[in-house]
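This briefing introduces one protein structure to a reader who has not seen it before. Please look over the sequence and the model first, then read the points below by topic.

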Amino acid sequence: MLNERVPLHTLPTFVIAAKLENLRATAQQVHLTHGAVSQQIQQLEQAIGCPLFERHGRGLRLNAAGRELLAVAEPALQALQQGIGRVRRIAQSHRLHISVLPSFAHYWLMPRLPAFREACAGIALDIDASLAVQDLSRKGFDAAIRIGEGQWPNLQAQRIASGEVVPVATPELARQWQAAFDKGSPRTPLLEHDVTPWRRWFAAQQQGEYGQQMALFNDAGLLIRAAEQGFGIALVKRLLVSDALAEGRLVALAEARHLDNGDFYLVWPQTAGLTPAVEELLHWLQRQLA
C-alpha cells in the first residue's frame, strides 16, 4: 500500500545506490552496513509502492521508475544542500565569500582592505580571485564583483561604478608618444585587452584605427602591469588605474570614455536575497566609489 509519507532520509542512499548499482559499494560510501542500505532501499520502495531496481544476484539496475525518481531526487537534494549552506552563511554573516576578477582584487580592493576592516569590523572577506564567471549558488559564494550590463540569470545586481576606459602610459612613455598618439601615428605602441579592443576607442573618437599592437592580454591586471613597465599605451578601465593615476605612476593620454555597458556591479544570489553582511559590503563599496 502506498505510504503518503516518503522516508526522506533514504533518498541520499538511494541516489548513491542508483549511481553505483552496487549495495556493497554504496554501504562503504554512506558508512552503513550492507543490510542497512538494503533495508533503506526496501523502505523507500514500500513507501512509494513500486520497485526501483531490478535485482541481478548481488547487483542492481535502475528500472524506469528508479530512473524517474533519480531525475527528481538528485537535483532536489543538491538544492537542499545549497539552501542549508546559505542558511549557515546567513547565521554566520561575519564571513563573506566573494568572487572578484584578479585585476579588481589587486588594483582596487587589496589597497582598501584596511579601510574595509575599519569600517566593517564584524565582517571577514573570503576572496576568490578568478577570471571564471562563477556559479554563485552552486559554488557557495555570497556575492561577486562583475563587469557587465547588470543582468545575470538568478542574480540581483547593484551598479557600483562606471566602466569607462582611458588610455594610460608611464609618464616617460607619455611624454615620448603623446603627440604621436594625438596625431594617430601608425607607430604608436598599443597594449590591448581582448575585452576592450582599441577599435571601439577609435570608433568613439571618430578616427581611423592606427598604432602598432605590442601585446594582447586576456587579463586587465597583466595589461596594467605591462603599462606600468613602460611597454606601451594601455586602454583600461579607469577604476582599475585610479590609484596609479593619483600617484603619478601612470598618466592619461586622453579623457576617459564610456564605450559600452561594461560597468561594475555587486551581485548576489536571488534565492539568498540581500543579507545584512552583503548589504554592509554594498554600502561600503558605494561610499568608497562615490
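**Strand β12 and its partners**

Strand β6 (residues 155-161) pairs with β12 in the antiparallel sense, over six bridges. The structure is a predicted model. The points below begin with β12, move to the aromatic rings and the domains, and end with single residues.

- In the pairing with β6, Arg159 stands opposite Tyr265 of β12.
- Strand β5 (residues 143-148) also forms an antiparallel pair with β12, over five bridges.
- Here it is Arg146 that stands opposite Tyr265 in β12.
- Seven of the seven residues of β12 are buried, so the strand is largely enclosed by the rest of the structure.
- Asp263, Tyr265, Val267 and Pro269 point one way from β12, and Phe264, Leu266 and Trp268 point the other way; all are buried.

**Aromatic rings**

- Across the whole structure, a search finds 11 aromatic pairs.
- One of them joins Phe104 and Phe264, a tilted pair with 5.9 Å from centre to centre and 35 degrees between the planes.
- Phe104 belongs to helix α5 (residues 102-109) and Phe264 to strand β12 (residues 263-269), so this pair ties together parts that are 160 residues apart in sequence.
- Both rings of this pair sit in buried residues: Phe104 has a relative accessibility of 2%, and Phe264 has 1%.
- Trp108 and Trp284 make an edge-to-face pair, because their ring centres are 6.0 Å apart and their planes stand at 65 degrees, with over 60 degrees counting as edge-to-face.
- Trp108 lies in helix α5 and Trp284 in helix α12 (residues 276-289), so the pair ties together parts that are 176 residues apart in sequence.
- Trp108 is buried, at 2% relative accessible area, and Trp284 is buried as well, at 1%.
- Phe104, Trp108, Phe116, Phe264 and Trp284 form one aromatic cluster.

**Domains**

- The domain assignment divides the protein chain into domain 1 (8-90), domain 2 (93-163 + 263-289) and domain 3 (165-252).
- Between the C-alpha centres of domain 1 and domain 2 there are 37 Å.

**Strands β1 and β2**

- Strand β1 (residues 53-56) and β2 run antiparallel and are joined by four bridges.
- Arg55 has Leu60 as its bridge partner in β2.
- The side chains alternate along β2 (residues 59-62): Leu60 and Leu62 point to one face and are buried, whereas Gly59 and Arg61 point to the other face and are not buried.

**A buried residue in helix α3**

- Val37 is part of helix α3 (residues 34-48).
- Its relative accessible area is 0%, so Val37 counts as buried, the cut-off being under 20%.
- Apart from neighbours within four places in sequence, Val37 is in contact with Thr13, Leu23, Thr26, Ala27, Val30 and Leu32.
- Ala27 is 10 residues away from Val37 along the chain, and the C-alpha atoms of the two are separated by 6.0 Å.

**Buried loop residues**

- Asp219 is found in the loop between β9 and α10 (220-228).
- Asp219 is buried but has no salt bridge, and the nearest side chain of opposite charge, that of Arg225, is 11 Å away.
- Not counting residues up to four places away in sequence, Asp219 touches Pro102, Ser103, Leu131 and His193.
- Thr196 is located in the loop between β8 (189-193) and α9 (198-204).
- With a relative accessible area of 5%, Thr196 is buried.
- Leaving aside neighbours within four places in sequence, Thr196 is in contact with Val165 and Leu235.

**Positive phi outside glycine**

- Glu21 is not a glycine, yet its phi is positive, near 55 degrees.
- Glu21 occupies the loop between α1 (11-20) and α2 (23-30), and is partly exposed at 31% relative accessible area.
- Gln206, which is not a glycine either, has a positive phi of about 55 degrees.
- Gln206 lies in the loop between α9 and β9 (212-217), and counts as exposed at 75% relative accessibility.

Definitions and conventions. Residues are numbered from 1 along each chain as its sequence is written. This is a predicted model: local features need pLDDT of at least 70, side-chain atom pairs count only at pLDDT 80 or more; totals for chains, interfaces and linings use all residues. Side-chain values use heavy atoms; hydrogens and water are left out. Domain bounds come from an automatic or database domain assignment. Helices (H or I, at least four residues) and strands (E, at least two) are DSSP runs, numbered from the N terminus. Buried means under 20% relative accessible area, exposed over 50%, partly exposed in between (1.4 Å probe, protein chains only). Contact means heavy atoms within 4.5 Å. Rings of Phe, Tyr and Trp (its six-membered ring) pair if their centres lie within 6.5 Å; planes under 30 degrees apart count as stacked, over 60 as edge-to-face and the rest as tilted. Two strands pair if DSSP finds at least two bridges between them. Lys and Arg count as positive and Asp and Glu as negative; His and the chain ends are not counted. A salt bridge is a side-chain nitrogen of Lys or Arg within 4 Å of a carboxyl oxygen of Asp or Glu.
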